[in-house]
Amino acid sequence: MKIIRGGRVVDPGTGTDAVLDLLIEGERVTALAARIAPPAGATVIDASGLVVLPGFVDMHTHSDFTLQHDPGAPARLHQGVTTDVTGNCGFSPFPLPRTSRGFGSFFSSRLDPGFPDLDAYAAHLESLGTAVNVAPLVGLGAVREHVAGSDPRPPSDEAVAAMRRLVADGLDQGAFGVSSGLVYTPGRFAAADELRRVIAPLRGSGRFYATHLRDERDGLIASVAEAISTAERAGVDLQISHHKALGKANWGRTEQTLAMVDEANARGAVEVAVDYYPYTSGSTGVSSLLPPGSLDGGWPLLRTRAGEGAERLRLLRHLDGAAQFRPDEIIIGRSRDRPDASGRALPDYAAGLGRAPVEVLLELILAEGESLTMIVPAASRDDLARVSAHPAAMHGSDGWLMTAGQARHEHPRNLASTTEVLVPALLGRTPLDRAVRHLATAPARRLRLDGRGTLRPGAFADIAVADPGRAAAYESGRGTGAGAAPAPERAYPDLMRWVFVNGEPAIENSRPTGRRAGKVLRAP
């Protein structure tokens, strides 16, 4: 038994905001009161001056590709995250044949072979022990990879039926929903009608369809309309992932897209929500810059064709002017083949080589394939403020890396996304109840996670105890603000004094304990 004594308990789900004691017995919170007499043998934790919050539920992560290698998950725990929602953007490590080693490779350079289904993946992760809970989605990219590989052609009725069975199997095994990534191979080959047919098993299940939209730039409005139409025609709730408007020409369009969300929710056929990360910069795989059709024959064929001649010229022209990000906008992520390029602005790195940035960019893409990431300008501050203030919004980091060492040169959301939401609230610049609702209450509700994302008696003891006295120091010393490029060296945010996962201390006096009390959760 443990008592967290005298902290400010904030739980928007129950309307609680008061200085209280909290009693933990086993996995559960069993009491909240102004004063709880400690039972015999109970450990008493002095939380005076601290803020006691429901453990955060990160609505959008890719940690299913990295937890199996770093199950201690310090990057998650130091942010107060106790549950990761995985399987986003169409990527999940199941259902995949064992030969699918390259699938989702930009999330990790140490991928295991694919797993045939959720049960196999969950058994593997639980055999290792995980420091955080995992709430898995079925990635529709993995489903299409399993049935059709990278074939761009519309699938036959038999193939659609096979994909639908894989979705149904995932739901039967407890997946919380499905996701699509409509800018990635093979998800980008899926037309709206195919998606509607494949996600049909979700109807009536209470689970949802999450989507990385087909286009977040010039085609943003049409892509939001497609997503809402797909969900309404299928009769399933919709989650629009990391919602933003890319490119200066499109800044401000979130006003229209959020009005579309409101209109859909007013119709009431399905519930539409959005998630966001608190940065104006974004990150994705460099290979997403390639023109449509480039990878239809796979990477070996592309590398052969792109070596010289007309195909190479076509690719260079596309990367220099028609790709979604220009070479002068790109910061290179962690490069395996060229470590000296890691974290460098592409124009600066290319200048040091005496080369044109677009030529170096193509060489990096061809050398590293799916594995290389980039950091790029994404949203405007006004759009970010508009999305994060919307009633249908919740937080999702879009992170995947588990340690500070791995996150060097990568997007800062891997280490500090929840902290960037929480710190302004602790400093009084944004409402604290809204921050906690976005970090814990709303995601838990979307997942129907009864007893998580809340601190009511009977709830699971997933708890984050933050030190507001460290908020100003974090802000002044973090080296980067929302929208800035990451600093060359990054460390864990020093905000969480205690973190409990299923009643076990995972962070104790600001240090990880090494305990792995997390679970692979299953949808009700």
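Biologist: Which hand does the crossing have where helix 9 passes helix 11, left-handed or right-handed?

Modeller: In this predicted model, helix 9 passes helix 11 in a right-handed crossing. Helix 9 covers residues 309–322 and helix 11 covers residues 357–368.

Biologist: What makes helix 9 and helix 11 roughly parallel, oblique or perpendicular to each other?

Modeller: Their axes come within 9 Å and cross at roughly 110 degrees. Angles of 65 to 115 degrees count as roughly perpendicular, so helix 9 and helix 11 are described that way. On the helix 9 side the contact is made by Arg 312, Leu 315, Leu 316, Leu 319 and Asp 320. Helix 11 contributes Val 358, Glu 359, Leu 361, Leu 362, Glu 363 and Ile 365.

Biologist: Thanks! Just beyond the helices, what makes Gly 369 count as buried or exposed?

Modeller: The relative accessible area of Gly 369 is 3%. Buried means under 20%, so Gly 369 is buried. Gly 369 is found in the loop between helix 11 and strand 16 (373–377). Leaving aside neighbours within four places in sequence, Gly 369 is in contact with Ser 287, Trp 299, Arg 303 and Leu 364. The C-alpha atoms of Gly 369 and Ser 287 are separated by 6.3 Å, although these residues are 82 residues apart along the chain.

Biologist: Now to the rings. How many aromatic pairs does a search of the whole structure find?

Modeller: The search finds four aromatic pairs. One of them joins Phe 115 and Tyr 121.

Biologist: Why do Phe 115 and Tyr 121 form an aromatic pair, and what is its geometry?

Modeller: A pair of aromatic rings is described by the distance of the centres and the angle of the planes. For Phe 115 and Tyr 121 the centres are 5.5 Å apart and the planes differ by 70 degrees. Centres within 6.5 Å make a pair, and planes over 60 degrees apart count as edge-to-face, so Phe 115 and Tyr 121 form an edge-to-face pair. Phe 115 and Tyr 121 are buried, and ring pairs link them with Phe 94 into a cluster.

Biologist: What is the peptide bond from Phe 94 to Pro 95, cis or trans?

Modeller: That bond is cis, with omega near -10 degrees. Pro 95 lies in the loop between strand 7 (81–86) and helix 2 (118–128). The bond from Thr 185 to Pro 186 is also cis, with omega near 5 degrees.

Biologist: Where does Arg 217 lie, and at what distance from the ring centre?

Modeller: Arg 217 lies over the face of Phe 325, at 5.3 Å from the ring centre. The distance part of the rule asks for CZ of Arg within 6 Å, so the value for Arg 217 meets that limit. Likewise, the charged end of Arg 446 sits over the ring of Phe 208, 5.3 Å from its centre.

Biologist: What is the phi of His 242, positive or negative?

Modeller: His 242 has a positive phi of about 30 degrees although it is not a glycine. His 242 sits in the loop between strand 12 (237–240) and helix 7 (254–267), and with a relative accessible area of 2% it is buried. Asn 502 has a positive phi as well, of about 50 degrees, and is buried at a relative accessible area of 3%. Its place is the loop between strand 19 (496–501) and strand 20 (504–508).

Terms used
Residues numbered from 1 in each chain as written. Predicted model: local features only at pLDDT ≥ 70, side-chain atom pairs only at ≥ 80, totals over all residues. Heavy atoms only, no water. Phe/Tyr/Trp six-rings, centres within 6.5 Å; stacked < 30°, edge-to-face > 60°. Buried < 20%, exposed > 50% of the residue type's maximum accessible area, 1.4 Å probe, protein only. Lys NZ or Arg CZ within 6 Å of the ring centre and 35° of its normal. Axes fitted to C-alpha atoms, helices over the stretch in contact; angles between N-to-C directions. Helix = DSSP H or I, 4+ residues; strand = E, 2+ residues; numbered from the N terminus. Parallel < 35°, antiparallel > 145°, perpendicular 65-115°, else oblique. Left-handed = near helix turned anticlockwise from the far one by under 90°. Contact = heavy atoms within 4.5 Å.
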